[in-house]
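Let's take a friendly look at a protein, starting with its charged pairs and moving on to its empty spaces and its surface.

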Amino acid sequence: MKKNTTVIKLAQTALLAALCFVSFMYLKIPIPVPGGATALHIGNAFCVLGALLLGGVYGGMAGSIGMTLADLLDPAYISSAPKTFILKFCIGLITGLIAHKIGKINEHEDKKYVLKWTILASIGGLGFNVIFDPLVGYVYKKYILGINAEAASILTKWSSAATFINAIVSIILVAVIYLALRPALKKAGLFPNKIIIKEGRKQFPSV
């Protein structure tokens, strides 16, 4: 049973990685700036969604694999691939930590409770990205890639603005998708089989 669960999780991770890849590779709105590029996109939303559905490690893996592959296949972003791999994994870990270790959303059925912790976890993971993506990007481009300080500073400012907008859109999108998917996954028997807390009482969900 445990082996089957792992296989299912890996398959779901691969699906979410593909969604990260497609959303960044083909659905982004590029913003060319001196010293590099940034973009409006919803790729991070699927990394966060993966962490909510599968846990931080699997969600982080989905974001890291999908977004890094997209960077590697786009000349404008290929140099950012190492940074992307690390930061997207961190988004997943932070989101999963808040959602599952603190909020324990898989153990609750109350929609308001689940919505609250879905939003808080999304804010935690994407808030980390809003701060550290531009910051790490500045250090990476200036000291590792050798881009001059002025160009790196301009890129950081544009990247900060784009990352903030991406985060807001992704938080809303994730909340809508996650709450819609929970009932469907339960019905299909793909939701984690844990004690469900409803109105203060514990009950075992039927499988």
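A residue counts as buried when its relative accessible area is under 20%. Keep in mind that this is a predicted model.

Now for the salt bridges: there are three of them. Here they are side by side.

| Pair | Closest N to O |
|---|---|
| Asp-74 and Lys-28 | 3.1 Å |
| Lys-83 and Asp-133 | 3.3 Å |
| Glu-109 and Lys-186 | 3.8 Å |

Take Asp-74 and Lys-28, which form a salt bridge. Asp-74 sits in the loop between α3 and α4, and Lys-28 in the loop between α1 and β1, so this pair ties together parts that are 46 residues apart in sequence. Both Asp-74 and Lys-28 are buried.

Lys-83 and Asp-133 are both buried too. Lys-83 belongs to helix α4 and Asp-133 to helix α5, so their bridge joins parts 50 residues apart in sequence.

With Glu-109 and Lys-186, the loop between α4 and α5 is linked to helix α6, 77 residues away. Glu-109 is partly exposed because its relative accessibility is 28%, and Lys-186 is partly exposed because its value is 30%.

What about empty space? The model has two cavities of 30 Å³ or more. The largest cavity has a volume of about 340 Å³ and is lined by 25 residues, with Lys-83 and Asp-133 among those nearest its centre. That lining includes nine nonpolar, 11 polar and five charged residues.

Finally, the outside: a nonpolar surface patch of about 750 Å² includes Phe-132, Val-139 and Leu-145. Val-139 is part of helix α5 and counts as partly exposed because its relative accessibility is 40%.

Methods: Residues are numbered from 1 along each chain as its sequence is written. This is a predicted model: local features need pLDDT of at least 70, side-chain atom pairs count only at pLDDT 80 or more; totals for chains, interfaces and linings use all residues. Side-chain values use heavy atoms; hydrogens and water are left out. Patches are made of residues with over 30% relative accessible area and no salt bridge: like charges are joined within 9 Å, nonpolar side chains (Val, Leu, Ile, Met, Phe, Trp, Tyr) within 5 Å. Accessible areas come from the Shrake-Rupley method with a 1.4 Å probe; for residues, only the protein chains shown count as cover. A salt bridge is a side-chain nitrogen of Lys or Arg within 4 Å of a carboxyl oxygen of Asp or Glu. Helices (H or I, at least four residues) and strands (E, at least two) are DSSP runs, numbered from the N terminus. Buried means under 20% relative accessible area, exposed over 50%, partly exposed in between (1.4 Å probe, protein chains only). On a 1 Å grid over the protein atoms alone, a cavity is a set of points where a 1.4 Å probe fits but cannot get out, and a pocket is an open set with protein on both sides within 12 Å along at least five of seven lines; lining residues have an atom within 4 Å of a point. Grid points are joined across faces, edges and corners, and a volume is the space filled by probe spheres set on the points. Ala, Val, Leu, Ile, Met, Phe, Trp, Tyr, Cys and Pro count as nonpolar, Asp, Glu, Lys and Arg as charged, and the others, Gly among them, as polar.
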